[in-house]
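The following exercises are to be worked through with the structure in view. Each task is followed by a solution in steps.

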Amino acid sequence: MTDIDFTGVFPAMTTPFDADEEIDREQLAEDAQRLEAAGVAGLVPAGSTGESATLTHDEHIEVVETVVEAVDDVPVIAGSGSNSTHEALDLSQRAADAGADGLLLISPYYNKPEQAGLRQHFEAIADAVDLPQIVYNVPSRTGRNIKPETVGELAAHENIRAYKAASGDIAQISEVIEYTRGEDLSVLSGDDALTLPICSLGGRGVISVAGNVEPERMVELVDAAVGDDLERARELHYELSPLFRHLFVETNPIPVKAAMEIRGYGPARLRSPLTDLEDDNHAEMERILAELETEREATEAV
């Protein structure tokens, strides 16, 4: 099994499209290389931020292969979840065959399994695919919460190595960390704005949307937070907080694709039914990014 240190910043990558709505492999490779150069701990393609809901299975694998081929020395953790266990197994095995180093597995959505069904789902994939795996809890998208006790049971499996916490419930996330202190399980924030609070409780990093736009500062924030430099981590948290909020002013990844376009990282093309960022929100994104650039330039000038 590949060994991954699930500590640090793992950008949840977007999927760029060309004018024909095909995957823009050249831009995707450039994004991966830019993020690797910024010092991130790993890359997460084909997840929710990568518009996985509109990708065919073959396109999932095309995205994973492109990122794997583009980078030299960072692990690639492929989004390969589904609300069908058989489908998730197939995607996960195909991702492994494509060279993925690990898997991000969203909990089954829409069909809302009970806790026993969730446990069986994740264990079936962990038994079948010998890669480090991240259990992803995002009740706002799936309609079902993975309870802390269930995470504690899953953490005993040698292939289940991390948990992406995107419930927004700090008390529950603290409970997950409490239940898994004796296991080799990294708890990663699934919300940029909660990275510092979660790391202060014992979390190890973040699967980050903001990391697509401000990877260096996100890396510095997490390094400070897990390294107990609370003062610096707090400074960076508040510096980035306007961006954190505005990246979710509309449905993810609408705002982050607009932010990347503003920064010159390719067109902000989305697949239907997602729509372009509204004009007033786009103007505010431009203002926030300009302010971050001014702060960067001032820091570099010192």
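**Exercise 1: Two helix pairs**

Helix 10 (230–246) and helix 12 (279–301) pack with their axes 10 Å apart, at an angle of about 160 degrees. The model is predicted, so that local features need pLDDT of at least 70 and side-chain atom pairs count only at pLDDT 80 or more, while totals for chains, interfaces and linings use all residues. Residues are numbered from 1 along each chain as its sequence is written, and side-chain values use heavy atoms, with hydrogens and water left out.

Task: State how helix 10 and helix 12 are oriented to each other.

Step 1. Helices are DSSP runs of H or I with at least four residues, numbered from the N terminus. Axes are lines fitted to C-alpha atoms, for helices over the stretch in contact, and angles run from 0 to 180 degrees between N-to-C directions.

Step 2. Angles under 35 degrees count as roughly parallel, over 145 as roughly antiparallel, 65 to 115 as roughly perpendicular and the rest as oblique. Helix 10 and helix 12 are therefore roughly antiparallel.

Step 3. Residues are in contact when heavy atoms lie within 4.5 Å. Helix 10 contributes Glu-239, Leu-240, Pro-242, Leu-243 and His-246 to the contact, and the residues from helix 12 include Met-285, Ile-288 and Leu-292.

Task: State how helix 2 and helix 3 are oriented to each other.

Step 1. The axes of helix 2 (residues 57–70) and helix 3 (residues 85–97) come within 10 Å and cross at roughly 30 degrees.

Step 2. Helix 2 and helix 3 are therefore roughly parallel.

Step 3. His-57, Asp-58, His-60, Ile-61 and Val-64 of helix 2 meet Glu-87, Asp-90, Leu-91, Arg-94 and Ala-95 of helix 3.

**Exercise 2: The largest nonpolar core**

Task: Identify the residues with the most contacts inside the largest nonpolar core.

Step 1. Such a core is a set of buried Ala, Val, Leu, Ile, Met, Phe, Trp, Tyr and Cys residues joined through side-chain atoms within 4.5 Å; buried means under 20% relative accessible area (1.4 Å probe, protein chains only).

Step 2. The largest core has 42 residues, and Leu-43, Leu-243 and Leu-247 have the most contacts inside it.

Step 3. Helix 11 (254–262) gives the most to this core, with 5 residues.

**Exercise 3: A glycine in a loop**

Task: Is Gly-190 buried or exposed?

Step 1. Gly-190 lies in the loop between strand 6 (186–189) and helix 8 (195–200); a strand is a DSSP run of E with at least two residues.

Step 2. The relative accessible area of Gly-190 is 15%, so Gly-190 is buried.

Conventions: Buried < 20%, exposed > 50% of the residue type's maximum accessible area, 1.4 Å probe, protein only.
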